[in-house]
Amino acid sequence: MPEKMQMLGARKGYTPAIQHNSMVVVADNSGAKLAKVIGIYGYRGVLRRVPFANIADLVMVSVRRGTPDVRKQKFKAVVIRQRMPFRRPDGTWMSFEDNAVVIVNPDGTPKGSEIRGPVAREAAERWPKISSLATIIV
């Protein structure tokens with residue numbers, strides 16, 4: 001029986017930032033450097049619409065660059081930064097300089113032991129294990 005994912009809340013309807021086949025930076029020390037988004041969990045779209053993910057979403061990635069033990073493998077990952085601006089409920093607009101993910105295990109805990117760069121507050125609130133590793137939460 002699969003373990004329960006350790007996340008809080010549901011998928012929010014933010015702006016479509018990371019589409020299917022987008023290349024994203026892996027911001028942890030799991031050995032992966034660059035990954036391609038090959039699937040989006042929880043997306044319920046429309047026929048012929050390209051699936052998209054946004055901040056704090058769970059995606060399936062295929063690692064393209066990194067150490068030999070993680071290259072050409074598929075992992076679940078959480079989007080922690082997105083380049084496309086999104087609006088917070090208090091009215092502020094937020095964007096980052098890159099699209100970044102953190103690789104997680106099937107139970108939702110991060111595979112690495114540190115996260116490089118800032119983490120969006122939405123991702124930290126939805127994924128408590130990621131917020132415990134983050135050094136900067138914006």
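Me: Contact means heavy atoms within 4.5 Å. Read that way, which residues does Gly 66 touch, not counting residues up to four places away in sequence?

Reply: Gly 66 touches Gly 31, Ala 32, Lys 33 and Arg 71 once those sequence neighbours are set aside. One of these partners, Ala 32, is 34 residues apart from Gly 66 along the chain, and yet the two C-alpha atoms are separated by 4.2 Å. Before we go on, a word on the source: this is a predicted model, where local features need pLDDT of at least 70 and side-chain atom pairs count only at pLDDT 80 or more, while totals for chains, interfaces and linings use all residues. Residues are numbered from 1 along each chain as its sequence is written, and side-chain values use heavy atoms, with hydrogens and water left out.

Me: Where is Gly 66 found, and what is its relative accessible area?

Reply: Strands are DSSP runs of E with at least two residues, helices are H or I runs of at least four, and both are numbered from the N terminus. Gly 66 belongs to strand β5, which covers residues 58-66. For accessibility, buried means under 20% relative accessible area, exposed over 50%, and partly exposed in between, with a 1.4 Å probe and protein chains only. Gly 66 has 30%, so it is partly exposed.

Me: Is Phe 86 buried or exposed, and which residues is it in contact with?

Reply: Phe 86 is buried because its relative accessible area is 0%. You will find it in strand β7, residues 86-87. Leaving aside neighbours within four places in sequence, Phe 86 is in contact with Thr 15, Ile 55, Thr 92, Trp 93, Met 94, Phe 96 and Glu 122. Take Phe 96 from that set: it is 10 residues apart from Phe 86 along the chain, with 9.9 Å between the C-alpha atoms.

Me: Ile 55 is on that list. Which residues does Ile 55 touch?

Reply: Beyond four places in sequence, Ile 55 touches Tyr 14, Val 79, Ile 80, Arg 81, Gln 82, Phe 86, Ala 120 and Glu 122. Ile 55 lies in the loop between β4 and β5, and it is buried because its relative accessible area is 3%.

Me: Arg 81 appears there too. Is Arg 81 buried or exposed?

Reply: At 6% relative accessibility, Arg 81 counts as buried. This arginine is in strand β6, residues 74-81. With the same kind of neighbours left out, up to four places away, Arg 81 touches a set including Ile 18, Ala 27, Ile 55, Phe 96, Asp 98 and Arg 116.

Me: Which residues have a positive phi without being a glycine?

Reply: Asn 21 is one of them, with a phi of about 70°. Asn 21 is found in the loop between β1 (18-19) and β2 (23-26), and at 45% it counts as partly exposed. Arg 48 also has a positive phi, near 70°. Arg 48 is in the loop between β3 (32-40) and β4 (52-53), and its relative accessible area of 80% makes it exposed.

Me: How many aromatic pairs does the structure hold?

Reply: Rings of Phe, Tyr and Trp (its six-membered ring) pair if their centres lie within 6.5 Å; planes under 30 degrees apart are stacked, over 60 edge-to-face, and the rest tilted. The structure holds 1 aromatic pair. Tyr 43 and Phe 52 form it edge-to-face, at 5.5 Å centre to centre and 70° between the planes. Phe 52 counts as buried, at 18% relative accessibility.

Me: Which ring does the charged end of Lys 76 sit over?

Reply: A charge sits over a ring if NZ of Lys or CZ of Arg is within 6 Å of the ring centre and within 35 degrees of the ring normal. For Lys 76 the ring is that of Tyr 41, and the charged end is 5.1 Å from its centre.
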